[in-house]
Amino acid sequence: MSSLPSSLPPSLSLPHIVHRLRAAGCVFAEDEARLLVGAARTAAELAAMVDRRVAGQPLEHLLGWVEFCGLRIAVEAGVFVPRRRTEFLVRQALGQAVGRPGEVVVDLCCGSGAVAAALLAALPAAEVHAADIEPAAVRCARRNVAGGGLVHEGDLFAALPRTLRGRVDLLVVNAPYVPTDAIGLMPPEAREHEPRLALDGGTDGLDVLRRVVVDAPSWLAPGGSLLFETSAQQSPALADAVTQTGLIVRIVQSEESAATVVVAVSRAADAATSDRR
């Protein structure tokens, strides 16, 4: 709760903060201003937070959290901020989940661990693992899944315990998929304040995803599911790559969320599992 004094200088009044944020291009200036006022403990801290937001620092980094799937997910400077569209990936993953005790769930390229935390909240009996190569992201993820999941630091599958090979029922991947040349077109708050490693997917945006595709089948349990977030433009090429591994693939999209997910299921799945929607 904010401990700001009841009387603030005009430069820190809510209307003035809204005006500054709107002039800086913040679409939801009123909401952001209220959040900043609510988060600040002193007038000096509020002034600094507003200045940093106007300069382009992500609101979520200033607040220290972001709302995702109804949860408050901790984020810190230098960590990729979970996007609202990724909630569609979570919903698709839950549609593939069996929900049995001990179901093994992996959130690969987990960032803050938002996807793992959301899946853990919905599947409390699951064995949840998350992994990322960025130490700052791993720190955040460990806070967000504390007491319910394990977070591993390392490069893709090399981060995971060998004992999970062939046992993963649900493998969810939100790897970087922005083409290198497109990073310069992203909003400044993303390209200047989020780690490039969490954004850059190579020339066509699929470099990291292809690496996952190659190894994923050997980590899946019989009937296991593999889900990728990607873009609508990239999804056909990614789906083709996954199909070549022998998995059954489909592409699902949400116009409302502007989200695209490639879903793949092991051919060892029974008809009921492979036909899940």
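Which residues in H5 meet which residues in H6?

**Exercise 1. Describe the packing of helices H5 and H6.**

The model is predicted, so local features need pLDDT of at least 70 and side-chain atom pairs count only at pLDDT 80 or more, while totals for chains, interfaces and linings use all residues. Residues are numbered from 1 along each chain as its sequence is written, and side-chain values use heavy atoms, with hydrogens and water left out.

*Solution.* Step 1: Thr 86, Val 90, Ala 93 and Leu 94 in H5 meet Val 115, Ala 118, Leu 119 and Ala 122 in H6, where contact means heavy atoms within 4.5 Å. Helices are DSSP runs of H or I with at least four residues, strands are runs of E with at least two, and both are numbered from the N terminus.

Step 2: the contact residues divide into seven nonpolar, one polar and no charged, given that Ala, Val, Leu, Ile, Met, Phe, Trp, Tyr, Cys and Pro count as nonpolar, Asp, Glu, Lys and Arg as charged, and the others, Gly among them, as polar.

Step 3: helix H5 (residues 86-96) and helix H6 (residues 114-122) pack at an angle of about 40°, their axes being 10 Å apart; axes are lines fitted to C-alpha atoms over the stretch in contact, and angles run from 0 to 180 degrees between N-to-C directions. This makes H5 oblique to H6, since angles under 35 degrees count as roughly parallel, over 145 as roughly antiparallel, 65 to 115 as roughly perpendicular and the rest as oblique.

**Exercise 2. Characterise the salt bridge between Glu 189 and Arg 53.**

*Solution.* Step 1: the side chains of Glu 189 and Arg 53 meet in a salt bridge at 2.9 Å, N to O, the criterion being a side-chain nitrogen of Lys or Arg within 4 Å of a carboxyl oxygen of Asp or Glu.

Step 2: Glu 189 lies in helix H8 (residues 188-191) and Arg 53 in helix H3 (residues 43-54), 136 residues apart, and the pair thus links distant parts of the chain.

Step 3: Glu 189 counts as partly exposed at 29% relative accessibility, whereas Arg 53 is buried at 7%; buried means under 20% relative accessible area, exposed over 50% and partly exposed in between, with a 1.4 Å probe and protein chains only.

Step 4: Glu 32, Arg 53 and Glu 189 are linked in a network of salt bridges, and a search of the whole structure finds 16 salt bridges.
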